[in-house]
Structures are given as C-alpha cells and as structure tokens.
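Reader: I would like a close look at the aromatic rings in this structure and at what surrounds them. Please go residue by residue, and then place that part within the rest of the chain.

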Amino acid sequence: MGEPNHSPGKELQHWTRAETSGMKSWHSQAYALGAISNFMSTFLTFPIYKVVFRQQIHAVAVSEALRQLWHEGPQYFYRGIYPPLLSKTLQGTLLFGTYDSLLYSLSPDGQHSLRHRWAAGLMSGVVEAVALSPFERVQNVLQDGRKQARFPSTFSILKEFNSYGLWGRLSLGYYRGFWPVLLRNSLGSALYFSFKDPIQDSLAKQGLPHWVPALVSGSVNGTITCLVLYPLIVLVANMQSHIGWQSMPSLWASAQDMWNIRGRKMFLMYRGGSLVILRSSVTWGLTTAIHDFLQRRSHSRKELKD
C-alpha cells in the first residue's frame, strides 16, 4: 500500500538490465506468460466473438445474429471454440515471446525507443500470421452456419483441404486470405506494442493500483487498433469462409464484393463494429492485465529467492 509508485515499463527495463545473465530464462518465461494470458482472455470472451463473426459473414444486426445462434441450439453455441482457444494460446506464446526476444535483440541495454518497439511488434506480428493463419482459416469455416451440414467437424474441413494438391492446400486451403491476415497482424502488433507501455506508464504515475494501468492500456490499444484495421478483419472473415475450387475469388474481387454487399458505404463496412470494438477492448484489456499480473508475480518470486 505504501510502496513507491514505479511505472511498469520502467520497472521492466530495470528488471531486464539486472537480469542480463539470466536472459534466456526470462525470454522463455515471456512465452509462457503470453500463452496463459491469451488462453484465459479468449475463453472468457468467446461468446462475444461468436456473435461478431455472424455479423461479419451475414451483415446482420446483433439481434439477428443472436437469433440465428438461438435457433441452432445451445449445442452449437460453443462450436468452433477449440481452434481459437488453441490458436490464441499459441498467439500469446508467439506474440509476447517473440516480441520480447526481438526487442532485447534490437536494444540489449533495455532502453527501448518507439522505433525498437514498433520494429519488434511488426516482426512478431509477421511470425504470428505465418504460424497461425491455418487455425483462423479452419475456425472461420467452422463458425459459418451455412457450412454446418457439409463440414460438421474440424476433421471434415482438414480432409477437404488435404484433398487439394500441394499448392492448393496452401493457397486455397490453409492459407486462404493470407495477405490481409499478414497486413492486419503485423500492423496490429506494431500498434499494440508501440503504445502499450507509454500509456501504462502515464497512468501508473497517477498512483492507481498496478492492474488498472495495464487493463486500461490494453483496452485503449485494442480499441484503436480494431477501429483502424476493422475493414481488414471483415475481409479476412469473408475470404476465409469460402471453400472449394469454384468459390475462390481473388483478393481484389473479394474486397470489391464486400464493398458492394455493404452498399459501397464506409459506415456499413463497420456494421457489427460496436461488438468487435467491445470484444477487442475487453480481450486486450484482460490479456494485458493478466500478463502484467503474472509478470509481476513471477518477478517477485524470483526476487524472494535471490
């Protein structure tokens, strides 16, 4: 209660400089903390995600998306949760772990500038996109209600993808819609990591409890990133919901089709955006707060041992 107030970013830099000899264990810990925080936040916010996805695919109101899910029955409400749960856990592992490793490779003295954070965030987003795009692809097919009869399970989707030739498995199967995924993930990660610590540091100076700056910083970053990249989010969902050789329009054709379906109006591109923003705000707020809490607890334990 009476401890002096330190900004989280400055504390982390101090910890890092003090632990140069144990850098490898610190980086391995960053992977584990990222996995746990993403797993917990994904499980808690999946119901919001399911409604959002229906809006993106069918361009319907919240009430209609809820009606569709209610009509399908509760047994289908958590249909598709395993791919995102696995992919988001891996996402946290790669995103936080890779970012941490890259950041200290770019700036080993612990003095991390905006340029360093942006570069490390951008590259970690690229790694994330390459590794996890197949999971998102399967997830988006599973959650499209129009394909439940043809593809009732993950195995049926994988069987379809594996029936293509080698190039088809990549371009039409697992990596369908990869380029917008790459752009979305790299820019999103760069924005998140560039401004997470500065926002958290400025709030920590106000004497708030440690979890509040992390929660607010994650929420603000998630909201802004989602607003900027939302058209790409919708484009990815629509491109990755297609299955089969006969229904695979190009990236440009998919973008034009999405634009036409939404009446060629920008505000209709953001239909369903309120829930997406809410989900992104809650998810990244929880992820950042959980990650910060686990990081502090882990470091406190290490200090006690020392």
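Author: What follows starts with the ring pairs and then moves outward to other parts of the chain.

The model is predicted. Its mean pLDDT is 82, and 87% of the residues reach 70 or more. Among the elements of the protein, α8 has the highest mean pLDDT, at 94, while helix α1 (residues 8–18) has the lowest, at 46.

A search of the whole structure finds 10 aromatic pairs. One of these joins Tyr99 to Phe193. The two rings are stacked, with 10 degrees between the planes and 3.8 Å from centre to centre. Tyr99 belongs to helix α4 (residues 82–106) and Phe193 to helix α8 (residues 178–204), so the contact between their rings ties together parts that are 94 residues apart in sequence. Both partners are covered: Tyr99 is buried at a relative accessible area of 8%, and Phe193 is buried at 1%.

A second pair is formed by Phe161 and Tyr164. This pair is tilted, with 40 degrees between the planes and 6.4 Å between the centres. Phe161 is buried, its relative accessible area being 0%. Tyr164 is buried too, with a value of 4%.

The stacked pair also has a wider setting. Tyr99 and Phe193 belong to a cluster in which ring pairs link them with Phe96, Tyr192 and Trp284.

Phe96 leads from this cluster to Thr287, since Phe96 is among the residues that Thr287 touches beyond four places in sequence. The others are Ser37, Asn38 and Ser41. Thr287 is found in helix α12 (residues 273–305) and is buried, with a relative accessible area of 1%. The C-alpha atom of Thr287 is separated by 8.3 Å from that of Gly34, although the two residues are 253 apart along the chain.

Helix α12 also carries a salt bridge, between the side chains of Asp292 and Arg296, with an N to O distance of 3.0 Å. These two residues are four apart in α12, which means that about one helical turn separates them. Asp292 counts as buried at 8% relative accessibility, and Arg296 is buried at 14%.

In total the structure holds five salt bridges. Another of them connects Arg67 and Glu64 at 2.8 Å, N to O. Arg67 and Glu64 lie three residues apart in helix α3 (residues 62–72), with about one helical turn between them. Here both side chains belong to partly exposed residues: Arg67 has a relative accessible area of 46%, and Glu64 one of 25%.

A further salt bridge joins Glu160 to Arg150, where the closest N and O atoms are 3.8 Å apart. Glu160 is in helix α6 (residues 154–162), whereas Arg150 is in the loop between α5 (114–142) and α6, so this bridge ties together parts that are 10 residues apart in sequence. Glu160 counts as buried, at 19% relative accessibility; the cut-off for that class is under 20%.

Two features elsewhere complete the account. The first is a nonpolar surface patch of about 370 Å², made by Val216, Val220, Ile224, Leu227 and Val228. Of these residues, Val220 is found in helix α9 (residues 211–240) and is partly exposed, with a relative accessible area of 32%. The second is Arg264, whose phi is near 55 degrees, a positive value in a residue other than glycine. Arg264 lies in the loop between α10 (251–261) and α11 (266–269), and with 53% relative accessibility it counts as exposed.

The start of the chain should be read with its confidence values in view. Over residues 1–8 the pLDDT stays under 50, and the model has 15 contacts beyond four places in sequence for them. The pLDDT is below 50 over residues 12–23 as well, a stretch with 19 contacts in the model beyond near neighbours in sequence.

Note on methods:
Residues are numbered from 1 along each chain as its sequence is written. This is a predicted model: local features need pLDDT of at least 70, side-chain atom pairs count only at pLDDT 80 or more; totals for chains, interfaces and linings use all residues. Side-chain values use heavy atoms; hydrogens and water are left out. Rings of Phe, Tyr and Trp (its six-membered ring) pair if their centres lie within 6.5 Å; planes under 30 degrees apart count as stacked, over 60 as edge-to-face and the rest as tilted. Buried means under 20% relative accessible area, exposed over 50%, partly exposed in between (1.4 Å probe, protein chains only). pLDDT is the predictor's confidence in each residue, from 0 to 100. Contact means heavy atoms within 4.5 Å. Patches are made of residues with over 30% relative accessible area and no salt bridge: like charges are joined within 9 Å, nonpolar side chains (Val, Leu, Ile, Met, Phe, Trp, Tyr) within 5 Å. Accessible areas come from the Shrake-Rupley method with a 1.4 Å probe; for residues, only the protein chains shown count as cover. A salt bridge is a side-chain nitrogen of Lys or Arg within 4 Å of a carboxyl oxygen of Asp or Glu.
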